[in-house]
Structure formats: structure tokens, C-alpha cells
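Student: Please take one residue of this model and look at it closely, then work outwards to the parts that surround it. I would like one connected account rather than a list.

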Amino acid sequence: QQRRRDREALAQLQAKNEEISLLKESFIANMTHEIRTPLNGIVGFASMLADYPDLDAETRAQCKKEIEDNKTHVLQLVSDLLDYSRIESGTLDYREEEVDINALMHEICIRENAHAPFEGVEAKVTEQLPDCRLRIDKVRFSQVLSNLVRNALKFTEKGSVRVGCRKLEAGKYYFFVADTG
């Protein structure tokens with residue numbers, strides 16, 4: 001009886017290990033794709049600047065902006081990967097500070113709208129609290145909210161992306177990213 005339970009428990013652990021392994025493989029494949037996309041943009045626009053020295057000033061400025069935007073995106077993805085590694089090893093730092101949540105939500109929307117793939121679709125803060133300041137890790141919170149907004153923009157060809165915050169009860173808040181994609 002005990003051996004049968006031990007075998008069942010072992011089989012469940014093996015199945016869970018396989019599931020985790022598949023999730024890691026999927027995560028790595030997705031991140032590889034996510035990194036390649038902005039790198040291709042950097043290479044393409046840099047080549048354009050190098051191959052066509054007589055481009056007009058406006059086109060040159062646009063190419064430089066695209067390179068800068070894509071560079072920032074790649075650096076964020078690499079930073080996310082490093083954080084994932086730190087989470088896995090249990091060495092991720094968490095630094096709380098007082099943060100103006102409304103301002104942060106607006107900053108994230110502005111930053112992510114700059115990379116929105118579909119014209120006319122923007123992330124907008126549609127619900128906020130008056131003077132909402134919370135003690136959080138601003139970097140970690142920004143990563144989570146930015147990833148949700150970026151993903152919503154990526155899959156919303158028409159319509160909108162709404163971002164907001166509601167207070168549920170003392171010390172509890174509800175943050176959302178809703179899209180029509």
C-alpha cells in the first residue's frame with residue numbers, strides 16, 4: 001500500500017517537473033523571439049543610416065528614434081531575464097519606497113504607447129484614485145504593469161487599452177489592464 005502511494009507521489013512529481021520544464025522552454029523561446037524583434041529593428045535602421053548617407057534630416061531623426069526605442073526595449077527584456085534568473089535563485093532584491101501610483105500608471109502608458117504596434121490604439125488610464133501613494137517596489141511594479149500594457153497593445157488591433165486602480169478595502173487595491181483585442 002505504502003509503495004503504491006510512494007509511486008503515485010513520485011509520478012506526480014515527475015509530471016510536475018515535466019510541466020515546469022516545458023514552461024521554461026516556452027518562456028525561453030518566447031523571450032528569444034521578443035529580443036529578436038527589436039534587435040532586427042536596430043540592425044535595419046542602423047543599416048539604413050549607414051547605407052543611405054543622404055537621407056533627409058527628418059528620416060534620419062526617425063531612424064535614430066527607432067534605434068533608441070528598440071535599444072531601450074532590448075535592455076528591458078534582458079533586465080527581465082536577469083530578474084527571472086534572480087527569482088529562480090532566490091536572490092531578487094525588493095526595495096520599497098513611496099510611489100505616486102497615478103503618476104506611475106500615466107508614465108507607463110506614455111512609455112508603452114511609444115511602441116504601440118497598431119495606429120490609433122493607445123493605453124489610457126481610465127480609473128485612478130485621488131492622491132494614491134503606496135509603499136511598493138517601483139521597479140517590480142513597473143515591470144509587471146508595463147508587461148501587461150505592452151501585451152495588451154500587442155494584441156489590440158482596434159479599440160482601446162484601459163489601465164486603472166480601485167481601492168477595495170483598507171490596504172487592498174485592485175489594478176487592471178483591460179483591452180478590446
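Tutor: Thr 156 counts as buried because its relative accessibility is 0%, where buried means under 20% relative accessible area, exposed over 50% and partly exposed in between, with a 1.4 Å probe and protein chains only. This is a predicted model, in which local features need pLDDT of at least 70 and side-chain atom pairs count only at pLDDT 80 or more, while totals for chains, interfaces and linings use all residues. Residues are numbered from 1 along each chain as its sequence is written, and side-chain values use heavy atoms, with hydrogens and water left out.

Thr 156 sits in the loop that joins helix H4 (138-154) to strand E4 (161-169); helices (H or I, at least four residues) and strands (E, at least two) are DSSP runs numbered from the N terminus. A polar atom of the Thr 156 side chain lies 2.6 Å from the backbone oxygen of Ala 152. If residues up to four places away in sequence are not counted, Thr 156 touches Phe 118, Val 121, Val 161, Asp 179, Thr 180 and Gly 181, contact meaning heavy atoms within 4.5 Å.

The strand that follows this loop, E4, belongs to an open sheet of three strands in the order E2-E4-E5, with mixed pairing; two strands pair if DSSP finds at least two bridges between them. The edge strands, E2 and E5 (172-179), each pair on one side only, and neighbouring strands are turned by 25° against each other on average, direction ignored. E4 and E5 pair in the antiparallel sense over eight bridges, and Arg 166 stands opposite Tyr 174 in E5.

The helix that precedes the loop, H4, lies across E2, E4 and E5 and runs at about 25° to E5, with axes being lines fitted to C-alpha atoms, for helices over the stretch in contact, and angles running from 0 to 180 degrees between N-to-C directions. Helix H3 also lies across E2, E4 and E5, running at about 155° to E2.

The largest nonpolar core has 21 residues, and those with the most contacts inside it are Ile 101, Met 105, Leu 145 and Val 149; such a core is a set of buried Ala, Val, Leu, Ile, Met, Phe, Trp, Tyr and Cys residues joined through side-chain atoms within 4.5 Å. H3 (101-113), E2 (123-127), E3 (133-136), H4 and E4 each supply at least two residues of this core. Leaving aside neighbours within four places in sequence, Leu 145 is in contact with Met 105, Ile 108, Val 163 and Val 177.

Definitions and conventions
Polar contact = N/O pair within 3.5 Å; in protein donor to acceptor, adjacent residues only side chain to side chain.
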